[in-house]
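Visitor: Please show me the chain. I would like to go through it by question and answer.

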Amino acid sequence: MATPPCRPDCSRLVWIYILLGALGNIRAEQIRYSVREELEKGSAVGNIAKDLGLEPGKLAERGVRIVSRGKTQLFALNPRSGSLVTAGRIDREELCDRSPKCMANLEILLEDEVKILGIEVEIIDVNDNAPSFGTWQREIKVAESEIPGTRFPLPEAFDPDVGVNSLQGYQLSSNSHFSLDVQSGVDGIKYPELVLERALDREEEAVHHLVLTAFDGGDPVRSGTATIQVTLVDTNDNAPVFTQPEYHVSVKENLPVGTLLLTIKATDPDEGANGEVTYSFRNVRDKTSQLFQLNSVSGDITVLGELDYEDSGFYDIDVEAHDGPGLRARSKVLVTVLDVNDNAPEVTVTSLSSSVQETSSPGIVIALFNMHDSDSGENGLVTCSIPDNLPFRLEKIYGNYHRLLIHRTLDREEVSEYNITITATDQGTPPLSTETYISLQVVDINDNPPTFVHTSYSAYIPENNPRGASILSVTAQDPDSGENAQVIYSLTEVTIQGAPLSSYVSINSNTGVLYALCSFDYEQFQDLQLLVTARDNGNPPLSSNVSFSLFVLDQNDNVPEILYPALPSDGSTGVELTPRSAEPGYLVTKVVAVDKDSGQNAWLSYHLLKASEPGLFSVGLHTGEVRTARTLLDRDALKQSLVVAVQDHGRPPLSTTVTLTIAVSHNIPDILADLGSINIPTDPDDSDLTLYLVVAVAVVSCIFLAFVIVLLALRLRHWHSARLLQAAGSGLSSMPTSHFVGVDGIQAFLQTYSHEVSLTADSGKSHLIFPQPNYADTLISQESCGKSDPLLVSQDFLETKGDPNLLKQAPPNTDWRFSQAQRPGTSGSQNGDETGTWPNNQFDTEMLQAMILASASEAADGSSTLGGGAGTMGLSARYGPQFTLQHVPDYRQNVYIPGSNATLTNAAGKRDGKAPAGGNGNKKKSGKKEKK
C-alpha cells in the first residue's frame with residue numbers, strides 16, 4: 001500500500017538523471033582552455049589528442065582539423081604532439097578591447113566521423129601596455145586671484161590592460177603650490193585633479209612646470225608621464241557648465257557618413273574671452289576619433305566613419321568644454337548602435353566530394369558546410385535549402401553545421417553532372433540570402449550495352465563493284481561515357497560458299513563502315529546475311545548484335561549464250577534440212593539461248609538480221625523459232641543462210657548472233673550433191689572480230705608448218721617401205737565424203753568435208769588434202785581455232801593384185817566418229833551440261849558408222865534395209881517414200897573409209913567402162929588442183 005505514493009518521486013529522479021546525462025553530453029562537446037596573450041607562435045594551449053582520446057600521431061589520419069569562417073586563425077594543431085598551439089602572437093586588447101573576459105571560440109572537425117567539437121579559449125591579460133596620456137603636454141591657465149583649495153582637472157591616462165595591469169594611480173612632481181588629488185567616478189575611472197595649496201603671485205612666478213605620472217599595478221610596473229604647464233592669468237572666476245551631465249543617442253548602423261548625431265551645449269557666465277566656450281573630446285581613442293567628429297565651436301557631433309553593429313554596438317565618449325582662460329567642464333555622450341539586417345549569411349564548405357559513382361547508395365555524404373550571419377537576433381537566424389527536384393537532402397548535425405546527402409539513386413545517363421545550389425536565408429526584414437554552388441560529377445560505370453540505331457540493316461550493291469567500295473555505315477550508340485562509350489564494330493565470322501566472310505566484306509572497327517573486299521557476282525550469289533557486333537570498351541565489355549542483309553543487284557554483264565545450234569567441238573558445221581513442200585509456218589528449227597543475268601537483263605528477244613532470201617523465213621521474237629514465212633518456190637535457192645541476233649533488254653543491251661544454214665530440196669541427193677558449194681556469208685557487222693581471226697589464222701599456220709616439218713621427217717624414215725608400194729591406179733581424182741542424215745525422224749546435221757585425192761599418172765604416192773570445215777556459225781570457237789589437224793596428208797598406194805593381205809581393212813579410225821554437233825536431236829530440246837557440250841556415246845556413234853557403211857555396200861545390189869525400207873538409206877522415216885535410193889548415185893565406186901588404206905570401187909562401172917559417179921562433177925576442179 002506504500003508503493004504508489006513513491007512512484008512520483010521515482011519518476012522525478014529518473015527525469016533528473018536523464019537531464020544530468022544530457023547536460024553531461026552537452027558539456028562533453030565543449031572543451032575549454034586558457035592561454036596568456038603575447039606568447040610566441042607555436043606555444044601550447046592544450047592537448048587536444050588527450051582530450052579526444054586519440055593518439056597524437058593519428059590526428060591527420062582521422063582528419064582532425066580546425067574549421068573557421070574566414071577570420072584570422074589564432075590557433076593551429078600540432079600533428080606530432082596532438083596539441084593546440086598558437087598560430088601567432090595574440091593581442092588581447094586588439095581582440096577584446098577592455099572586456100573583463102576575453103574568450104576565443106573555434107571548432108574542431110573530426111572528418112572520419114563527420115563530427116564537430118567546440119573549443120573555448122580564454123585569453124589571459126598580461127601587462128604589456130603602459131598608461132599613456134592623450135597629449136604629452138597640457139597647459140593650465142590659473143588666475144592669480146585663485147584661492148587655495150581650488151581644483152583644476154588634469155588629463156587622464158589610458159591603459160588598455162585590464163584588472164591589476166590597468167591604470168592604478170597618479171603621481172605629481174613635488175612643488176610648493178600644488179598637490180594632486182585623484183577622484184574615482186561611478187564607472188571606476190580615476191580622474192586626477194590639481195589642487196591649489198598656496199596663493200599664487202603672478203609677479204613672483206608666472207609659470208609653473210609640473211610632471212604628472214600615471215602607473216599601473218602590473219609586474220613590473222609600467223608608467224606614463226605628461227607635462228603640466230600652469231600659466232597664471234588674470235582672474236576668471238566662472239567655469240563652463242554643460243546643459244546635461246550625460247547625453248544619450250541611439251542610431252542605426254547603416255547611418256550615412258556626415259549625419260548629425262547630436263549637439264552638446266555648455267555655458268559660461270563670464271564675459272569676453274573668459275566666457276568663450278570651446279568643446280573637445282577627452283581621452284580620445286583612435287577608434288572614436290575615426291567614427292565621430294566634434295565641432296569645437298558649435299558642439300555638433302557627426303558621423304565620420306561607417307558604424308557597424310557587428311564591430312561594436314555601444315560607444316562611451318567623454319567630452320569637455322573650456323573657456324578662454326582654461327576653466328573646464330566634463331560630460332559624457334553615450335551612443336547606442338542599433339543592428340539592421342545588412343549582412344547576408346555566409347556559407348563555408350568544410351568538406352566536399354567533387355565526384356560520386358552512379359551506383360552510390362543513398363546516405364552517402366557529399367559535402368559538409370557551416371552557415372553564419374554576423375547580424376544579431378532574428379537577423380542572425382539562418383536556414384538553408386536546396387531545390388526539391390534534386391536527388392539530395394540536407395541534414396543538420398551540430399550548431400550551424402549541415403551536410404549534404406544522397407537521397408535517391410543516381411543515374412549518369414539521365415544526369416551526368418549536378419550543379420547544386422545551397423541557399424542560406426536569414427529571418428531579417430527584408431531577409432537576405434546567399435547562394436553557394438556545388439558541382440558534382442557523376443562517375444560513369446559500364447551499365448549500358450551499345451544500341452544500334454535500327455533493329456536491322458539492309459543495303460544494295462551492284463555486281464562488278466570495285467574492290468574497297470563502301471557499302472553502308474552502321475551506327476551503335478552507348479549512353480555511357482569515356483571508354484565505356486567507345487564502340488568497336490566487328491563481323492561474326494561465317495563461311496560462305498567455302499570461303500570465310502572476311503574475304504567478302506570487312507568493317508571499320510571505329511566508324512562502322514562496311515567495305516566490299518571483292519567484286520560481287522550476281523550469278524554466284526544474290527545476297528549475304530551478316531551479323532554485326534558492337535562492343536564497348538568497358539570492363540567487363542558489353543555488346544549487342546544486329547542483322548545485316550546485303551543484296552547484290554544484277555548488272556547486264558553477260559551476253560546471251562547460244563545453246564542451240566551449238567558450235568560443234570570437232571570443227572563441223574550444222575545444217576538444217578527443210579523440204580520444199582513445207583507450208584507457211586513450218587517449223588524449221590529453233591534458236592535456243594540463255595542469259596546468266598536475271599530480270600530484264602535476261603529477257604531475250606530474237607531478230608532476223610540478215611537472210612539470203614528476205615521474206616522466206618521469220619524468227620519468233622520471244623520464242624526463237626525459225627519458221628517459213630511463205631511457200632517455198634522452185635526458184636528459191638537450195639542453200640539459205642540466216643543470221644539471227646539474240647539480244648537482252650539490259651541497259652545497255654548485249655547481243656550475240658548465230659548463222660543458220662538451211663538446205664532446201666525435194667530430195668536428199670540434191671542436197672548432198674550441192675553441200676560442197678555452200679558458202680556461209682560473213683556478217684559485215686562482225687568487223688570487230690577481224691583482228692582476232694587474223695591472229696588465229698597466223699597461229700594455226702605456224703602450228704601447221706611445224707606439223708608438216710615433223711611429218712616430212714617421218715615420211716623420210718619410211719621411205720624404203722614406201723618404195724615397195726606401187727601405184728594403185730589413175731582413176732581417183734576427187735570424192736565427197738562424210739555425208740550423214742538423221743535416223744528415226746530426228747533432226748539431221750550435215751557436215752561437209754571436201755576431201756580431194758590428187759594422183760599423178762603411174763605415181764606411187766597420192767596426196768589427200770583435208771581443208772578446214774566451214775562452220776555454220778560466224779564466230780569460230782576457241783577449240784576450232786586451236787585445232788592442229790593437218791591440211792595435207794601424204795599417203796602411198798600399192799597395187800593389190802598380188803598381195804591379198806594388203807587389202808585387209810584397217811580398224812575404224814576414231815576421227816571418223818560423229819562430233820557433238822552432228823548428233824541427232826530436235827531443235828532446242830537438247831539439255832547440255834554447264835559447258836554447253838552434249839555427252840559422247842561411243843557405242844551409238846560406232847553403230848551409226850557401221851550402218852552407213854553397210855548401206856553403202858548394199859545400195860548397188862538393191863538389198864539395203866537400213867532405216868525405213870529397201871533402198872532408202874533410212875531417209876524415208878523423215879522425208880517419205882519419194883526419197884529412195886533410186887535417186888541416190890552409187891557411192892561405192894569411190895568411197896574412202898577413214899582408218900583404212902583401201903577404197904570401195906564399183907566393179908560394174910569398171911567393167912562397163914563408166915566413170916565413177918560423183919567423180920564427174922569434180923573433174924574440172926581436180927584438174928585445177930593438179931595444175932597448182
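Guide: One definition is needed at the start: a residue is buried if its relative accessible area is under 20%, exposed if over 50%, and partly exposed in between. The model shown is predicted.

Visitor: Does P391 count as buried or exposed?
Guide: P391 lies in the loop between β29 (382-385) and β30 (392-398). Leaving aside neighbours within four places in sequence, P391 is in contact with L405, I406, H407, R408, L410 and Y418. Its relative accessibility is 7%. The cut-off is under 20%, so P391 counts as buried.

Visitor: How far apart in space are P391 and R408, C-alpha to C-alpha?
Guide: R408 is among the contacts of P391 beyond four places in sequence. The two residues are 17 residues apart in sequence, and their C-alpha to C-alpha distance is 5.0 Å.

Visitor: Which class of accessibility does P153 fall in?
Guide: P153 sits in strand β10 (residues 151-153). Its contacts outside the neighbours within four places in sequence are I140, P192, E193, R328 and R330. Because its relative accessibility is 25%, and the middle class runs between 20% and 50%, P153 counts as partly exposed.

Visitor: What distance separates the C-alpha atoms of P153 and R328?
Guide: R328 is one of the residues in contact with P153. Along the chain they are 175 residues apart, while their C-alpha atoms are separated by 7.4 Å.

Visitor: Which strands are the edge strands of the open sheet of four strands?
Guide: The order in this sheet is β9-β16-β15-β12, with mixed pairing. An edge strand pairs on one side only, and this holds for β9 (137-143) and β12 (167-172). The twist averages 25° from one strand to the next. The edge strands are thus β9 and β12.

Visitor: Which residue in β15 stands opposite Y170?
Guide: β12 and β15 (residues 207-216) pair in the antiparallel sense, over five bridges. Opposite Y170 stands A214.

Visitor: What share of the residues reach a pLDDT of 70 or more?
Guide: The mean pLDDT of the protein chain is 74. Over residues 1-10 the pLDDT is below 50, and this stretch has zero contacts in the model beyond near neighbours in sequence. Where pLDDT is low, the predicted coordinates should not be read in detail. The share reaching 70 or more is 70%.

Visitor: How many contacts beyond four places in sequence does the model have for residues 726-846?
Guide: Over this stretch, pLDDT stays under 50. The model nevertheless gives residues 726-846 contacts beyond four places in sequence, and their number is 258.

Note on methods:
Residues are numbered from 1 along each chain as its sequence is written. This is a predicted model: local features need pLDDT of at least 70, side-chain atom pairs count only at pLDDT 80 or more; totals for chains, interfaces and linings use all residues. Side-chain values use heavy atoms; hydrogens and water are left out. pLDDT is the predictor's confidence in each residue, from 0 to 100. Contact means heavy atoms within 4.5 Å. Helices (H or I, at least four residues) and strands (E, at least two) are DSSP runs, numbered from the N terminus. Buried means under 20% relative accessible area, exposed over 50%, partly exposed in between (1.4 Å probe, protein chains only). Two strands pair if DSSP finds at least two bridges between them. Axes are lines fitted to C-alpha atoms, for helices over the stretch in contact, and angles run from 0 to 180 degrees between N-to-C directions.
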